[in-house]
Amino acid sequence: MTNFKAQMSNQAQNLKSKYLSFGLWILFVVWILSFGFFDASAQQSPELLLGWKAGNSAPPDYTGKVLPVNGTRVAVGLDLLENNRLVDLASYTIRWYVDDALKQSGRGLRNFSFVADALGGDDEIQAVVVGYRGDDVSKTITIPIVDPELVIDAPYPGGLIGAGANPVKALLYFFDISGLDQINLTWSANGAVGEENASNILSLDTEGLPSGTGVKVEAQAQNIRQILERASASISLKIR
């Protein structure tokens, strides 16, 4: 009987030791995994974030990106992100390149501007933070350069207009202007050209014209300061 109790006691002790060892092993594995996770997080590579804004114009209700035309000044800015935190770059030299040509360099130079040049196509912008943690961190983006656009807004379903006044509007996209007073706008209807420097809203008067008459409306816009910056558009309407 005494031997039986001793055997049971030994088995209980062995079982307790096994559970204790297993628990310690689980804790060790969790610790290793946690250590590995945080170590990997600490080794995340720094990432440069570049953003830009063109200085030309678009209609007030336009919600897209304003794209530069030839000669537009474009502002570019950067941030350096590491481990989901912004890095203070005040003590680091930052270099700015446009189409592989160094344009500006300076300590803490997070903002930069340049004039878009369509001669070689779209502009390629590269920013380099020199010597961050013993290495250079860089990023390159491409900024598209487009032509200005003119769109005639004629809110008439099927292009059908009534007798009398029918307003249509010229919408100017991406002209390098600060106001419509810098645009020479000309309207024409069925070849009859109106006066220059007209309003961007045309009151198309069809009084007296018979039903079924077609009217081709054209608009031409030119930047007064940049004579090569121009656009045109046309629409075809018909009197009900």
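**Close-up views of a predicted single-chain model**

**Figure 1. Surroundings of R230 in strand 16.** Apart from neighbours within four places in sequence, R230 makes contact with P148, F175, A221 and Q222. The structure shown here and in the following views is a predicted model. R230 belongs to strand 16, which covers residues 230-239. One of the contact partners, F175, is 55 residues away from R230 along the chain, and the C-alpha atoms of the two residues are separated by 8.1 Å.

**Figure 2. Backbone of F174 in the loop between strand 11 and strand 12.** F174 is found between strand 11 (165-173) and strand 12 (183-189). Its phi is near 75°, a positive value in a residue other than glycine. The relative accessible area of F174 is 6%, so this residue is classed as buried, the cut-off for that class being under 20%.

**Figure 3. T186 and its contacts.** T186 is located in strand 12. With a relative accessible area of 15%, T186 is buried. When neighbours within four places in sequence are left aside, the residues in contact with T186 are V193, G194, E195, E196, E218, A219 and Q220.

**Figure 4. T72 in the loop between strand 1 and strand 2.** The loop that holds T72 connects strand 1 (47-54) with strand 2 (73-82). T72 has a relative accessible area of 0% and is therefore buried. Leaving aside neighbours within four places in sequence, the contacts of T72 are A54, G55, N56, F114, V115, A116 and D176.

**Figure 5. Salt bridge between R110 and D79.** Two salt bridges are found in a search of the whole structure, and one of them joins the side chains of R110 and D79, with an N to O distance of 2.7 Å. The pair links distant parts of the chain, with R110 in the loop between strand 5 and strand 6 and D79 in strand 2, 31 residues apart. R110 is partly exposed at 32% relative accessibility, and D79 is also partly exposed, at 27%.

**Figure 6. Salt bridge between R133 and E82.** The closest N and O atoms of R133 and E82 are 3.1 Å apart. Because R133 lies in the loop between strand 7 and strand 8 (135-143) and E82 lies in strand 2, the pair ties together parts that are 51 residues apart in sequence. R133 is exposed, at 65% relative accessibility, whereas E82 is buried, at 11%.

**Figure 7. Negative surface patch.** The patch is formed by D99, D100, D117 and E124. D99 is placed in the loop between strand 4 (93-98) and strand 5 (101-107). Although D99 is not a glycine, it has a positive phi of about 50°. D99 is partly exposed, with a relative accessible area of 40%. D117 occupies the loop between strand 6 (111-115) and strand 7 (123-132); D117 is likewise partly exposed, with a relative accessible area of 42%.

**Figure 8. Overview of the chain for orientation.** The chain contains one helix and 16 strands. Of its 240 residues, 32% are buried. Among contacts between residues at least 6 apart in sequence, 60% join residues at least 24 apart. The exposed area of the chain is about 15300 Å², of which carbon and sulfur atoms supply 53%.

Key: Residues numbered from 1 in each chain as written. Predicted model: local features only at pLDDT ≥ 70, side-chain atom pairs only at ≥ 80, totals over all residues. Heavy atoms only, no water. Helix = DSSP H or I, 4+ residues; strand = E, 2+ residues; numbered from the N terminus. Buried < 20%, exposed > 50% of the residue type's maximum accessible area, 1.4 Å probe, protein only. Contact = heavy atoms within 4.5 Å. Areas by Shrake-Rupley, 256 points an atom, 1.4 Å probe, with all protein chains shown as cover. Patch = residues over 30% accessible without salt bridge, like charges linked within 9 Å, V, L, I, M, F, W, Y side chains within 5 Å. Salt bridge = Lys/Arg side-chain N within 4 Å of Asp/Glu carboxyl O. Lys, Arg positive; Asp, Glu negative; His and termini not counted. Charge placed at Lys NZ, Arg CZ, Asp CG, Glu CD.
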